[in-house]
Amino acid sequence: MKYDVAIIGGGPAGYTAAKRAVCNGLSAILFEKNALGGVCLNEGCVPTKTLLYSAKTYDLIRHSAKYGVNVENLSFDLGKMIARKNKVVKKLTAGIRMKMSEGGVEVVNGEAKVVDYLADGTIRIVCGADLYETNHLLLCTGSETVVPPIPGLNEVDFWTSREALQSKELPSSLVIIGGGVIGMEFASFYNSLGVEVHVVEMLDKILGPMDGELSGILQNEYAKKGIQFYLNYRVTAVDKESILLEKGGETIRLSAEKVLVSVGRKPVMDGFGVELLQLETFKSGLKVNSFMQTSRPNVYACGDLTGYSLLAHTAVREAEVAINHIAGKKDRQMSYKAIPAVVYTNPEIAGVGRTEDELQKEGVPYSVKKLPMAFSGRFVAENEMGNGMCKLILSEDNKLIGAHLLGNPASELIVIAGIAIEKGLTAEELRSFIFPHPTVGEIIKETLF
């Protein structure tokens with residue numbers, strides 16, 4: 001059983017690579033030990049956004065009187081929210097399976113392992129009792145939750161995102177360790193449903209690399225909604241009764257029914273024979289070039305395994321670049337200068353390109369244009385008393401190099417700025433385009449004037 005391309009891992013990178021391979025006339029086999037769709041579809045991007053939309057709908061109805069709509073006896077059913085989330089995941093995973101089947105991709109459900117690398121470059125893989133050979137290997141094994149070595153943590157029934165997505169009962173109170181994207185999205189969800197939420201973050205701001213000004217505004221918005229933030233605090237111990245925090249020699253104790261650990265994710269490097277290939281590593285992942293090749297030219301790595309950009313949409317593009325390179329199809333090399341990042345809180349926050357903090361640290365000159373979202377008539381019509389901002393960062397030659405949005409629907413608008421950054425458009429070129437009116441997206445054009 002020999003294939004042009006073998007892919008280990010059926011997440012966004014893996015299933016995209018498999019589909020692209022057969023479209024380019026290559027024979028492809030895809031190995032997945034759990035469920036197609038990977039972490040993103042099964043216990044990450046899609047399920048969290050499904051639950052967040054339920055919470056957002058509940059929030060909107062709770063405040064519907066602002067829009068002249070009165071509702072009585074409002075309630076929610078967490079069990080039905082979880083059931084709907086599961087239905088959405090099931091529908092989408094079935095869609096991927098159908099695409100693989102219709103496209104001629106052989107999918108093997110099992111744990112694949114590289115067992116040999118022959119002198120001619122042939123790679124041998126074992127899955128179950130079967131042996132497979134390939135000329136090109138794509139490693140798309142994804143990432144896993146980081147569980148920090150906090151004393152006592154393993155002795156309590158703590159949550160990661162996986163458990164939080166499955167629980168059909170609301171805790172009365174929740175401490176979230178980590179104020180990054182995952183932590184803030186769960187903070188938003190549980191806060192909307194009335195849970196007492198505490199967020200502990202080691203840094204001096206939430207949302208790590210995102211724009212500091214906008215993440216600060218978002219933090220203030222959620223502080224008004226009742227979330228307690230503990231910045232620059234380190235969790236030193238956990239037991240069944242409390243969580244011990246330390247900051248500058250001062251310690252405090254928090255009590256909560258549940259603890260959610262969300263300090264980040266790390267590439268999955270073990271369990272598939274990567275040590276046999278002796279691939280060069282970089283930081284926490286595998287080192288790759290701009291065509292996604294590892295230190296062995298016929299072995300490629302895409303997605304979270306590279307440890308560079310742990311985002312599903314990045315993984316999809318990396319897979320396209322890798323397969324096009326294998327197929328000899330002309331394509332641009334992988335570019336990371338305009339990878340959008342989105343946090344699906346309510347309101348949403350999104351960014352692409354450079355941040356002020358980065359540019360200041362590098363001593364790169366820049367200018368900033370910013371405008372409240374309230375300058376958009378559509379935003380005002382749909383976000384009563386809503387807060388938000390559009391911040392655009394320009395280079396010395398007036399090209400757009402960064403964009404940061406706070407306010408719904410930032411997730412749908414950020415791609416406009418991303419395309420402009422990738423194409424190297426100047427402020428004049430971007431604002432010469434006609435935006436439909438009234439739309440929230442007009443805020444980008446308005447900010448440039």
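Two strands are taken to pair if DSSP finds at least two bridges between them, helices (H or I, at least four residues) and strands (E, at least two) being DSSP runs numbered from the N terminus. The structure is a predicted model, in which local features need pLDDT of at least 70 and side-chain atom pairs count only at pLDDT 80 or more, while totals for chains, interfaces and linings use all residues. Residues are numbered from 1 along each chain as its sequence is written, and side-chain values use heavy atoms, with hydrogens and water left out.

An open sheet of three strands, with antiparallel pairing, follows the order E11-E12-E13. Strand E11 (234–238) and E13 are the edge strands, each pairing on one side only. E11 and E12 are joined by four bridges, and Val235 has Leu245 in E12 as its bridge partner. Five bridges connect strand E12 (residues 243–247) with strand E13 (residues 250–254), Ile243 being the bridge partner of Leu254 in E13. These two strands, E12 and E13, form a hairpin with two residues between them, and Gly248 in the turn has a positive phi of about 55 degrees.

Salt bridges (a side-chain nitrogen of Lys or Arg within 4 Å of a carboxyl oxygen of Asp or Glu) number 19. In one of them, the side chains of Glu43 and Arg162 meet at 3.0 Å, N to O; Glu43 belongs to helix H2 (residues 38–43) and Arg162 to helix H5 (residues 161–166), so that distant parts of the chain, 119 residues apart, are linked. Lys391 forms a salt bridge with Glu213, the closest N and O atoms being 2.7 Å apart. Because Lys391 lies in strand E22 (residues 389–394) and Glu213 in helix H7 (residues 212–224), this pair ties together parts that are 178 residues apart in sequence. With burial defined as under 20% relative accessible area, exposure as over 50% and partial exposure as in between (1.4 Å probe, protein chains only), Lys391 is buried at 1%, whereas Glu213 is partly exposed at 30%.

Aromatic pairs were assigned to rings of Phe, Tyr and Trp (its six-membered ring) whose centres lie within 6.5 Å, with planes under 30 degrees apart counted as stacked, over 60 as edge-to-face and the rest as tilted. The count comes to eight such pairs. Among them, Phe189 and Tyr190 are edge-to-face, 5.0 Å centre to centre and with 80 degrees between the planes. Both Phe189 and Tyr190 are buried, and they form one aromatic cluster with Trp159 and Phe186.
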